[in-house]
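I am opening a notebook on a structure that is new to me. These entries record what I looked up, one topic at a time.

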Amino acid sequence: MADDRQILETERLILRKLTPDDLEALFRLYRDPIIREHFPEGVLSRAETQAELDWIIKVYYGDYDYGLWATIYKPTGEFIGRCGLLPWVIDERQEVEVAYLLDRAYWRQGLATEAAQAIVAYGFDQLKFDRLICLPIPENAASIRVAEKMGMHLERELVLDGSPALLYSIAKS
């Protein structure tokens, strides 16, 4: 039976809409200081994770019809992260970021790149975006590599919400 929450599928991953039932799995990732090392807000409490999950479901899915999606590892069915698309306004321009966060047990296996490349294709083909961005912090070499593997190029450095970031972008070809 098809899951109407499913957004896309890759060779090893399923990306589907997050639900309230994903709170504990998401909190497990958000409370890990190594996973959250490159996020300016650091680790999140259970209440902060609940607030973000509620925001994703209500605002991103409700107002934008996209957002962060549960990332499921197909061989085990395990929730291993959240990846997707985030709306931003940067210098008065509407932008859409390709975002990815995976459980560290799944790092260095090409899964973030696999998810990100599929998200780019979905953003261009299904949602008809003309441009997508990525906003890694300068110290996050792994995230920068994923942006480059998506075909993104460094545009510039910027300060976003008080923290330094790099703006990578790709235009629809």
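**Entry 1. Burial, and a ring pair.** I begin with the term I need: a residue is buried when its relative accessible area is under 20%, exposed when over 50%, and partly exposed in between. The model I am reading is a predicted one. I looked up Tyr60. Its relative accessible area is 14%, so Tyr60 is buried. Trp55 comes out at 47%, so I noted Trp55 as partly exposed.

Next I looked at the aromatic rings. I found six aromatic pairs in the structure. In one of them, the rings of Trp55 and Tyr60 have centres 6.3 Å apart and planes at 80°, so this pair is edge-to-face. The rings of Tyr66 and Phe129 are also edge-to-face, because their planes stand at 85°, with the centres 5.5 Å apart. Where do Tyr66 and Phe129 lie? Tyr66 is in the loop between helix 2 (46-64) and strand 3 (68-73), and Phe129 is in the loop between helix 3 and strand 6, so the pair ties together parts that are 63 residues apart in sequence. Both Tyr66 and Phe129 are buried. I then followed the ring pairs along. They link Trp55, Tyr60, Tyr64, Tyr66 and Phe129 into a cluster.

**Entry 2. Helix 3.** I checked the length of helix 3 (residues 111-125). With 15 residues at 1.5 Å each, the helix should span 21 Å, and the end C-alpha atoms are 21 Å apart, which agrees. How many residues of helix 3 are buried? I count twelve of the 15, so by the under 20% cut-off the helix is mostly covered. Among the buried ones are Leu111, Ile119, Val120, Tyr122 and Phe124. Glu114 is on that list too.

**Entry 3. Helix 4.** I moved on to helix 4 (residues 141-149). Its buried residues include Ser143, Ile144, Val146 and Ala147. Viewed down the helix axis, the buried residues fall within an arc of 160°, so they line one face of helix 4. What does that face pack against? I found strand 5 (93-102), helix 3, strand 6 (131-134) and strand 8 (163-171). Just past the end of helix 4, Gly151 has a positive phi of about 95°.

**Entry 4. Positive phi outside glycine.** A reminder to myself: most residues other than glycine have a negative phi. I therefore wrote down Lys128, whose phi is positive, near 65°. Lys128 sits in the loop between helix 3 and strand 6. Is Lys128 buried or exposed? Its relative accessible area is 55%, so Lys128 is exposed.

Asp161 also has a positive phi, of about 50°, and is not a glycine. I located Asp161 in the loop between strand 7 (153-160) and strand 8. That loop belongs to a hairpin with two residues between the strands. Asp161 is exposed, because its relative accessibility is 70%.

**Entry 5. Strands 7 and 8.** I traced the pairing on either side of that hairpin. Strand 7 and strand 8 run antiparallel and are joined by seven bridges. I picked out Glu157, which is in strand 7. Its bridge partner in strand 8 is Leu166. Setting aside neighbours within four places in sequence, Glu157 is in contact with Ala165 and Leu166. Glu157 is exposed, because its relative accessible area is 64%. I also took its separation from Lys128. The two are 29 residues apart in sequence and 26 Å apart in space, C-alpha to C-alpha.

Strand 8 itself is another matter. Seven of its nine residues are buried, so strand 8 is largely enclosed by the rest of the structure. Strand 8 also pairs with strand 6, antiparallel, over four bridges. There Cys134 stands opposite Tyr168.

**Entry 6. The first hairpin and the record.** I went back to the start of the chain. Strand 1 (residues 6-9) and strand 2 (residues 13-17) pair in the antiparallel sense over three bridges. A hairpin of three residues joins them. Gln6 faces Arg16 of strand 2.

Last, I checked the UniProt record. An unreviewed entry there lists residues 13-173 as "domain: N-acetyltransferase". Over residues 13-173 I read 32% helix and 34% strand, with the end C-alpha atoms 25 Å apart.

Definitions and conventions: Residues are numbered from 1 along each chain as its sequence is written. This is a predicted model: local features need pLDDT of at least 70, side-chain atom pairs count only at pLDDT 80 or more; totals for chains, interfaces and linings use all residues. Side-chain values use heavy atoms; hydrogens and water are left out. Two strands pair if DSSP finds at least two bridges between them. The expected span of a helix is 1.5 Å times one less than its number of residues. Buried means under 20% relative accessible area, exposed over 50%, partly exposed in between (1.4 Å probe, protein chains only). UniProt positions are given in the numbering used here, feature names are shortened, and annotations may be inferred rather than shown by experiment. The arc is that of the directions from the helix axis to the C-beta atoms. Contact means heavy atoms within 4.5 Å. Rings of Phe, Tyr and Trp (its six-membered ring) pair if their centres lie within 6.5 Å; planes under 30 degrees apart count as stacked, over 60 as edge-to-face and the rest as tilted.
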